[in-house]
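Hi,

Here is the structure I said I'd pass on. Have a look first, and my notes on the ligand sites and cavities follow below.

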Amino acid sequence: MSNNITITIDDKEIQTKEGEFILNAARANDIFIPAICYLTRCSPTLACRICLVEADGKQVYACNAKSKDGMNITTTTENIEKERRAIMEVYDVNHPLQCGVCDQSGECELQNYTLEMGVDIQHYSVKDVDRSSHDWGHLHYDPGLCIVCERCSTVCKDMIGDNSLKTIPRGADALNAEFKESMPKDAYAMWNKLNKSVIGLTNGTDVLDCTSCGECAAVCPVGALVDTQFMYKSNAWELKQIPATCGHCSAGCQITYDVKHTSIANTEEKIYRVMNEWNYVSLCGAGRYGFDYENRVESKDEVAFSKAIEAFNKADTIKFTSTITNEEAYILQSLKEKLGVKLVNAEAKSFQTFMKHYSEVSGKSLYSGDLKKTMNSDFVISVGSALKSDNPNARYSLNNPLTVNKGAGIYFHPVKDPVIEGLSKNLMIVNHAPLQEEAVLYLILDLFGDKEKLPTDIKDYLASFHSMKTVTVTETVKEKVTEIVKEMKVNEETGEEEEVEVEKTKMVPKKVSKEVEVDDNKLLEILGADDKFMEALTKNLKKKEIFSLMVGEDFYNHPNSKNLARLVAMIEKYSAFEVTIIPQLANTLGVSLICDLDDEVGSYTIGYNTKGDFTLSALGDGDLDMPAMNQQEGTLTSVNKRVNPTNAALGYNGYELNDIANALGLKAYNTIDYTQSLPTQKGFKSENFDDLPNHYENDGTEVRGYLLENISTDVLDDESVEKFSDEKLEGSIVYLANPVRQFTPFTNKTTNLDEIGGLYMSEEFLSNSELNEGDSVKIKTQTGELVTNIVSNNKIAGDIACLTTFDSKINSEAVINGYRFSLASIERV
Ligand code: SF4
Ligand code: SF4
Ligand code: FES
């Protein structure tokens, strides 16, 4: 909705949306209102009360009072100033004076607001209680420093979806009763609540078991919740912030790498932490902690470089992964054109082919949706993705509308996922069998497609799944019941009170069974949806207006991926859903737009970040070293169809792909000279790298790089789609998927991410089998076999085991090379 009303804040007229929180309206117009507990995109908790303002003469909280046309707001009055000052004094009660060693010092909101409100004397006190610190693995919680603003628990619930933190009793003495009379009202109410709580874990233990994203520590305004890896490592003001784009998955989150020299003796810079604009972007654990994957190289290895040039002259294929920039993809495409080599990248090729088939029906080069639109919708469907680990931001985009927009949705996937199941009771889960993905899309068309407009053959096909069946339902009816009751009445003749019998009628509820004819939708049965699915859907669809569909990577290598792509385009065309097709890796979308990809490798292959006859590697395990993503300048194309710039956080002393390209006859001083040459016919813009911004505005507007243009494509006359087959995988199944926080060998190389590669099995699976955590097993499929270890994982459930791909020591391609699910035998060795 565009800005449609006018309000006045401190005599300044501003435009905003009807119903926008006053705080957000003020921030969007650069008007400062103090606020501590509120997080943009999450629900207001009213924990701090410092955002008090006067709206039309009434004191309200700016973070939860909604703007109305003509509203007149004053951000400061004498009373509000008193409240704010008292609130800050209260926050300072028993706050340890350890700023000299506190990690937050220098960027602490308690320090800032204490100074801002001019707190120079303390009027309040309460006896302190034991508030010992907690070691929660990758987090450290010091309740002594905690101001119980609840930002940590709020972001975990409303954004991340883990809901791992909550307030628990502090066990403190009650406040002195006289404070209630003597101190400002809101300050007292805030203190009274604060004094009763600290932060604890929702699982009731002292062991944090979550998806380890670190957002709670990022949003903590004080030094109470900190990342263990950063604790006591550096003062905030010593760090230099390098704006960048995370290179681990296609979400393309905006980050800064915070760097400084390694030590007094070693002046070489290192990354100390990753920060984000957490009001507008939320990271996953890989983005937050997986930053030290740089490839440190002493100097240019001239011998290896000349061997590389020889190898390029000999090669007929360059095989590569999508963890490269758009500019590098452009160089590879240019080398293809110059040297006549093939470009092979199986994962990007499958996405490219999927998009081609999608475009042939949709008439557009790109899908209509993005993760931001998904977050702003109120009914979300996810298909074809192990969302939690494939793209954590897509998970947040599902969770956020469920919790904040009173939304609902459906998650279709064969692998049971307790984290996804725990997001909301309004999220319906359908764990269908692998290979039944087309049936899922037909069901979506059936439930949500515009039947007036759908092509007749599809309409008829969908109708063939419907029949009428008789079911017995129980309903409550009201029945008239007459009863005789005894009452005392005055006898008119005698004038005396006496007991009489009176007839009384009342309506009594009664349960009755009856037979009714109902629609029987066989698609639901095929997919294993439970009996209550339609009833729950009808309830969940009430008042829903904005629909989003996320499509994931299970589809791109599916045996019928062409049909799936066409069905996705049909859903976009004939229903209210905005569709987002999630690319697999950091720059799969960019690579698929820039490179003409081939299917098969030839006889001599250059591998780039993957094994070849001659290997270029940013992982440091090849024949010639290359810079890793955190050592490069360039752009990455995200799932949100945005071309985002990233800067080099750390230096690099070796050769780059551009050096090789120059030696082979291309001409560019820097790799980023190619930014302006990215193909405009594919939607890129002719922009200089140095002109690309990378920040968020105060109203949340993403000012990062630029958006790709969605180009019109030729539409095939033939809109037909194939019927789906009954084939489904049943039995012992292995699925290619990584644990949360791991994506590629680059995340595997980092030191803070400790997940290990292997065959992940749910606790339920293990308890029903002879196998145990740590067992060495042989996995055998039609494609081949491999040996790996079992890892027990409580973030999946059910009996499908997940084989990781992030650890290149486990050659998962040997057993699954295509569709992510496969029948497999698993035997202990
Ligand atoms: S740990 Fe930090 S974010 Fe959480 S309630 Fe305490 S002060 Fe607020
Ligand atoms: S690390 Fe992430 S998932 Fe874990 S408690 Fe913090 S916000 Fe929640
Ligand atoms: S920001 Fe409004 S109550 Fe805390």
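In what follows, a residue counts as near a molecule if one of its heavy atoms lies within 4 Å of it. This is a predicted model, where local features need pLDDT of at least 70, side-chain atom pairs count only at pLDDT 80 or more, and totals for chains, interfaces and linings use all residues. Side-chain values use heavy atoms, with hydrogens and water left out, residues are numbered from 1 along each chain as its sequence is written, and chains are lettered from A and ligands numbered from 1 in the order in which they are written.

Ligand 1 has 14 residues around it, the closest being Cys146, Cys149, Glu150, Cys152 and Cys220. For classes, Ala, Val, Leu, Ile, Met, Phe, Trp, Tyr, Cys and Pro are nonpolar, Asp, Glu, Lys and Arg charged, and the others, Gly among them, polar. That makes the ligand 1 shell twelve nonpolar and two charged residues, with no polar ones.

Around ligand 2 there are 13 residues, and Cys156, Cys210, Cys213, Gly214 and Cys216 come nearest. Its shell divides into seven nonpolar, five polar and one charged.

Now the cavities: on a 1 Å grid over the protein atoms alone, these are sets of points where a 1.4 Å probe fits but cannot get out, and lining residues have an atom within 4 Å of a point. Ligand 2 takes up the space of the second largest one (more than half of a molecule's atoms must lie within 2 Å of the grid points). Its lining has 16 residues, with Cys156, Ser164, Cys210, Cys213 and Cys216 nearest the centre.

Cheers

Methods. On a 1 Å grid over the protein atoms alone, a cavity is a set of points where a 1.4 Å probe fits but cannot get out, and a pocket is an open set with protein on both sides within 12 Å along at least five of seven lines; lining residues have an atom within 4 Å of a point.
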